[in-house]
Protein chains: 4
Amino acid sequence: MTENPEYNNWGRWGAEDERGTANLLTGEVVARACRVPTQGRVYNLGIQLRQGAPIAGRRISPVHLMSSDGGDYAALGREDWGTADDYLFLASGGTTHIDALSHLWYGGRMFNGFSFREVRSSGAARCGIEKVGGLLTRGHVLDFVDVQTERAGLIGSADIAAYVRTRGLDIRPGDALLFRTGWMEAALTESLHGRAFPVVDLDAAGWIAEHDIAVVGADNQAVEAVAGRGVLPPLHQVLLRDLGVYLMELLVLAEPARDRVTTGLLIVAPLLITRGVNSPVNPLLVV
Amino acid sequence: MTENPEYNNWGRWGAEDERGTANLLTGEVVARACRVPTQGRVYNLGIQLRQGAPIAGRRISPVHLMSSDGGDYAALGREDWGTADDYLFLASGGTTHIDALSHLWYGGRMFNGFSFREVRSSGAARCGIEKVGGLLTRGHVLDFVDVQTERAGLIGSADIAAYVRTRGLDIRPGDALLFRTGWMEAALTESLHGRAFPVVDLDAAGWIAEHDIAVVGADNQAVEAVAGRGVLPPLHQVLLRDLGVYLMELLVLAEPARDRVTTGLLIVAPLLITRGVNSPVNPLLVV
Amino acid sequence: MTENPEYNNWGRWGAEDERGTANLLTGEVVARACRVPTQGRVYNLGIQLRQGAPIAGRRISPVHLMSSDGGDYAALGREDWGTADDYLFLASGGTTHIDALSHLWYGGRMFNGFSFREVRSSGAARCGIEKVGGLLTRGHVLDFVDVQTERAGLIGSADIAAYVRTRGLDIRPGDALLFRTGWMEAALTESLHGRAFPVVDLDAAGWIAEHDIAVVGADNQAVEAVAGRGVLPPLHQVLLRDLGVYLMELLVLAEPARDRVTTGLLIVAPLLITRGVNSPVNPLLVV
Amino acid sequence: MTENPEYNNWGRWGAEDERGTANLLTGEVVARACRVPTQGRVYNLGIQLRQGAPIAGRRISPVHLMSSDGGDYAALGREDWGTADDYLFLASGGTTHIDALSHLWYGGRMFNGFSFREVRSSGAARCGIEKVGGLLTRGHVLDFVDVQTERAGLIGSADIAAYVRTRGLDIRPGDALLFRTGWMEAALTESLHGRAFPVVDLDAAGWIAEHDIAVVGADNQAVEAVAGRGVLPPLHQVLLRDLGVYLMELLVLAEPARDRVTTGLLIVAPLLITRGVNSPVNPLLVV
């Protein structure tokens with residue numbers, strides 16, 4: 001794939017910018033998003049972190065271990081008081097997570113032209129997740145379970161346009177799209193076998209770019225189809241690297257879908273992992 | 001310390017409740033908190049996760065390791081494209097974190113009367129952090145740097161009352177108090193040595209209980225004084241265990257303090273660690 | 001299962017002993033074992049530590065991560081010099097390992113009568129692996145691949161006796177038995193499916209006890225059949241807890257079997273994990 | 001430092017060799033080493049793996065966590081039976097360890113001319129520790145505590161020669177030298193402050209090369225002086241990279257020194273970490 005001159009945000013926020021479409025979340029956009037909730041209902045879009053949870057790719061699921069617990073006090077016959085503490089070992093991308101803009105590159109360059117050589121064992125010296133910080137914006141749930149797409153199983157620009165029009169969604173610059181495909185619910189109930197789920201297709205990039213979407217998430221492993229070895233996922237290329245759009249994977253969207261939520265206040269609060277290329281998150285959607 | 005009959009929320013939200021003061025964050029409270037921001041300015045209250053960062057107690061600071069990076073591609077002479085991925089190993093309480101209500105107990109019982117025996121190597125079967133989910137409420141910054149307290153170095157009920165009155169803060173049930181003591185800024189600049197910082201005192205529990213505060217945080221290691229070995233921190237006892245109030249530690253409050261922020265929308269989105277007794281968080285304060 | 005009065009080494013090496021049959025490895029036994037090798041050929045009986053390697057039970061396979069590597073220097077264009085360093089995260093029992101005597105108990109007591117309450121989140125205060133240290137003894141390879149056992153698939157005392165007699169093995173107190181079943185080779189080549197492999201049966205405990213065997217290992221997950229949930233593996237009970245015999249699992253015995261090795265100098269050098277209940281090891285067999 | 005034409009083993013064991021001086025440990029050498037022990041006394045030269053143990057450089061000390069323990073059963077009131085299991089997170093070089101030959105390079109090449117580019121996030125494709133396997137050889141304890149060296153604090157070739165001559169040590173190709181400096185005992189008793197300990201100097205490389213020593217270890221952090229940032233330790237360069245000699249650090253030599261052990265059977269059994277650049281070990285010395 002060659003560079004895409006039409007869909008490109010390099011330089012848009014200055015030559016030193018490492019935050020991409022996070023720049024679209026101006027004070028005005030954030031303040032407006034905060035006015036969306038009327039019921040004050042909070043949806044947690046993260047999956048539980050535990051061994052055996054669904055993961056993306058060949059990563060491992062999180063390992064949770066206790067360094068102190070009630071059992072220790074029980075064993076000592078100290079029935080009175082105590083404290084508990086715990087440790088976590090995880091692949092940052094092995095649970096619900098947000099990709100930093102340093103997660104991927106092509107043509108030797110990540111978003112805004114920074115060299116891939118900035119990403120070493122010490123982490124990403126450019127476009128690390130600690131540069132992003134909390135994101136607040138309007139998030140729209142696009143529920144493609146039981147929606148017929150133009151090309152079977154592939155969600156493209158025309159499908160998004162039709163969906164938005166039919167539901168009367170009000171899309172503005174800086175907004176987030178959260179795609180529900182049904183994959184996560186199947187993964188959590190171990191009923192993936194033999195079933196197919198729609199994925200967001202490269203063709204969707206046009207619509208996303210034209211509407212200045214800032215964040216794209218999905219309830220599956222890679223938003224788009226899981227890439228084979230030796231293949232760089234094409235939608236990731238355009239979104240993360242050309243446009244500086246943030247991707248979130250492994251979302252749980254069953255509850256907002258059940259409640260027929262269309263638009264809410266989306267909050268993503270990445271851990272400020274120094275030079276991190278991903279962060280586990282529990283995104284919130286508030287209506 | 002004996003049980004405190006005046007300050008106790010056991011049974012208030014039912015015998016099976018595991019969420020404590022998170023119950024105060026009703027739809028109405030959340031919706032009202034979302035109306036606080038007017039500028040749309042977002043403060044990240046988490047510290048960066050990296051080796052050597054300030055920690056609480058004898059925990060270790062987070063270890064961040066890359067499982068794939070640009071260096072790998074450079075070494076292979078594959079200048080074109082690639083992806084980066086990372087791992088994290090951390091003490092859940094060894095960075096900015098929220099305590100689950102299962103973090104501490106006395107009299108053999110944690111919040112709402114659940115047995116400490118529910119907390120084992122498999123984690124907390126009761127009051128685990130995955131039961132809490134995202135918290136949105138109004139958060140007030142109480143900046144006690146350069147404030148004279150009644151008893152030197154100890155922030156008590158009278159001090160909070162005076163602070164609130166003087167600044168004209170509007171405190172309501174479900175609100176959060178975020179204490180700035182100066183400790184974190186000193187820790188981050190390695191200038192802790194030989195200096196003293198105020199701490200929140202057990203005496204503050206009365207004011208907190210009477211005002212139905214839901215979350216108490218501070219920019220230090222334990223909100224209150226760091227307990228010695230064999231001592232259960234007394235304020236933790238009342239807040240976490242008697243009242244079901246959430247505690248957050250190792251906050252960074254320098255920026256909101258610099259901007260003289262008093263009240264904002266506080267957002268805490270714990271990772272849904274199955275049976276976790278803490279979660280690392282990057283709390284957001286939005287004004 | 002009730003306690004076994006006939007096969008029991010409690011008190012044999014004193015009331016405070018935490019080393020069990022490691023006591024059989026006297027200077028004389030060790031010196032004699034060192035005289036076994038004549039060719040100086042060294043077999044490594046450990047499997048490789050890597051993600052996806054065969055494991056025992058529901059543990060995870062080891063995760064190996066680099067904190068510094070050549071790629072970093074390549075990315076920096078520093079072609080001259082550099083160093084590499086790495087990290088390891090592992091379930092101590094998730095690769096070739098030796099069980100400490102604190103790994104299992106029944107009747108509320110582990111080997112030599114120590115209470116199970118000595119094993120807490122801080123590890124095993126009694127019978128920890130750091131008390132064991134290096135073990136040197138004569139090790140015999142008992143290759144039961146293609147050997148007909150009395151009861152199909154179960155290796156019992158009579159089978160061992162017959163094997164030893166037929167091959168003319170010279171068994172002495174303190175010796176080690178290393179059972180080859182073929183499981184590991186099938187696991188490493190992913191050909192486990194639909195195949196059955198022999199396991200050492202509880203019935204073997206008698207022969208092991210009567211011959212004062214110090215160490216029993218196998219090329220499978222649990223020496224004996226993998227126990228279901230809620231079942232304490234019966235051979236483990238007698239060997240670890242009643243007799244203080246050490247168990248090693250996930251051995252690779254293909255090479256010594258190929259070379260028809262019968263007896264060699266077995267060397268096990270556990271990491272001195274403070275209060276550890278297992279240790280990963282790369283046991284050596286020297287002939 | 002430029003390449004050293006006099007002290008160089010590249011190509012000596014073939015162009016594809018990844019084992020360096022491990023090749024000196026022929027069957028004859030191993031068999032002969034096994035004949036050294038007469039008393040059968042086993043010394044464990046590894047330190048205990050625990051948080052807070054002495055480490056090398058800026059690594060972290062090992063973290064040991066329990067995934068199941070007696071406390072869990074005590075908490076459940078299941079006094080009868082149970083099992084314990086544990087996890088380990090460690091910097092491979094953060095405890096007693098052996099360096100793989102891939103640990104260091106200069107002139108763009110590691111031992112035997114392999115490119116430093118072979119060492120990436122996936123580990124060392126060349127000269128990984130899993131290629132080494134168990135090492136058995138004669139090990140000599142050189143106790144330089146209270147020994148006057150020619151240049152104060154620096155152990156050079158003349159010092160080794162004098163030590164060997166005075167004590168009548170019989171040094172042969174493939175042997176190991178284990179230097180005691182007193183550092184470890186001071187570190188373990190927290191009495192390092194203000195004290196100086198001898199280190200092995202670059203000058204020692206000549207003697208080591210001329211005598212075809214296979215393994216060099218010490219009871220300190222780096223055998224030689226700890227290098228500053230931006231400096232490649234010069235003795236490491238010659239030993240690991242030019243000669244393919246293995247280095248071991250953080251040994252505990254107090255006990256063999258106390259017993260005035262001079263020569264024993266040294267056994268090093270690295271974990272077969274796939275592509276590892278170090279391995280934690282508990283080396284054994286048997287007399």
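## Sheets and chain contacts in a predicted model

V141(D) stands opposite L178(D) in β11(D), a pairing that belongs to an open sheet of nine strands in chain D. The model is predicted, so that local features need pLDDT of at least 70 and side-chain atom pairs count only at pLDDT 80 or more, while totals for chains, interfaces and linings use all residues. Side-chain values use heavy atoms, with hydrogens and water left out, residues are numbered from 1 along each chain as its sequence is written, and chains are lettered from A and ligands numbered from 1 in the order in which they are written. Helices (H or I, at least four residues) and strands (E, at least two) are DSSP runs numbered from the N terminus, and two strands pair if DSSP finds at least two bridges between them.

**The sheet of chain D**

- The nine strands of chain D follow the order β1-β17-β15-β9-β11-β13-β14-β5-β16 with mixed pairing, and the edge strands, each pairing on one side only, are β1 (42-44) and β16 (278-280) of chain D.
- From one strand to the next the twist averages 25 degrees, where axes are lines fitted to C-alpha atoms, for helices over the stretch in contact, and angles run from 0 to 180 degrees between N-to-C directions.
- Strand β9 (residues 135-143) of chain D runs parallel to strand β11 (residues 176-180) of chain D, and five bridges join them.
- Helix α3 (residues 157-167) of chain D packs on this sheet, touching β9 and β11 of chain D, and its direction makes about 95 degrees with that of β9(D); contact here means heavy atoms within 4.5 Å.
- Helix α6 (residues 234-243) of chain D also packs on the sheet, where it touches β5 (97-99), β13 (215-218) and β14 (246-249) of chain D, with its direction at about 135 degrees to that of β14(D).

**The sheet of chain B**

- In chain B, nine strands form an open sheet of mixed pairing in the order β1-β17-β15-β9-β11-β13-β14-β5-β16, with β1 (42-44) and β16 (278-280) of chain B as the edge strands, each pairing on one side only.
- Neighbouring strands of the chain B sheet are turned by 25 degrees against each other on average, direction ignored.
- Strand β5 (residues 97-99) of chain B runs antiparallel to β16(B), to which three bridges join it, and within this pair H97(B) stands opposite P280(B).
- Helix α6 (residues 234-243) of chain B packs on the sheet by touching β5, β13 (215-218) and β14 (246-249) of chain B, and its direction makes about 135 degrees with that of β14(B).

**Chain A against chain B**

- A turn of 180 degrees and a shift of 0.0 Å along the axis lay chain A on chain B with an RMSD of 0.0 Å, the superposition being by least squares on the C-alpha atoms of residues with pLDDT of at least 70 in both copies.
- The C-alpha of chain A nearest that axis is the one of F89(A), 2.2 Å from it, and the same surface serves both copies, since 100% of the contact residues of chain A recur in chain B.
- The contact takes 79 residues from chain A and 79 residues from chain B, and the area buried between them is about 6,300 Å², of which carbon and sulfur atoms give 61%; buried area is the accessible area (1.4 Å probe) that two parts lose on being put together, summed over both.
- Four salt bridges (a side-chain nitrogen of Lys or Arg within 4 Å of a carboxyl oxygen of Asp or Glu) are found across the interface of chain A and chain B, among them that of D85(A) with R59(B), whose closest N and O atoms are 2.7 Å apart.
- The largest share of the side of chain A that touches chain B, seven residues, comes from strand β4 (residues 85-91) of chain A.

**Chain A against chain D**

- Chain A can be laid on chain D with an RMSD of 0.0 Å by a turn of 180 degrees and a shift of 0.0 Å along the axis, and the two copies are thus related as by a two-fold rotation axis.
- G71(A) comes closest to this rotation axis among the residues of chain A, at 1.9 Å (C-alpha).
- Because 100% of the interface residues of chain A are also interface residues in chain D, the copies meet through the same surface.
- Twelve residues from chain A and twelve residues from chain D make the contact, and about 810 Å² is buried between the two chains, with carbon and sulfur atoms giving 67% of that area.
- L65(A), G71(A) and Y87(A) supply 46% of the area that chain A buries against chain D, more than any other three residues.
- Zero salt bridges are found across the interface of chain A and chain D.
- The elements giving two or more residues to the side of chain A that touches chain D are β2 (63-68), α2 (70-75) and β4 of chain A.
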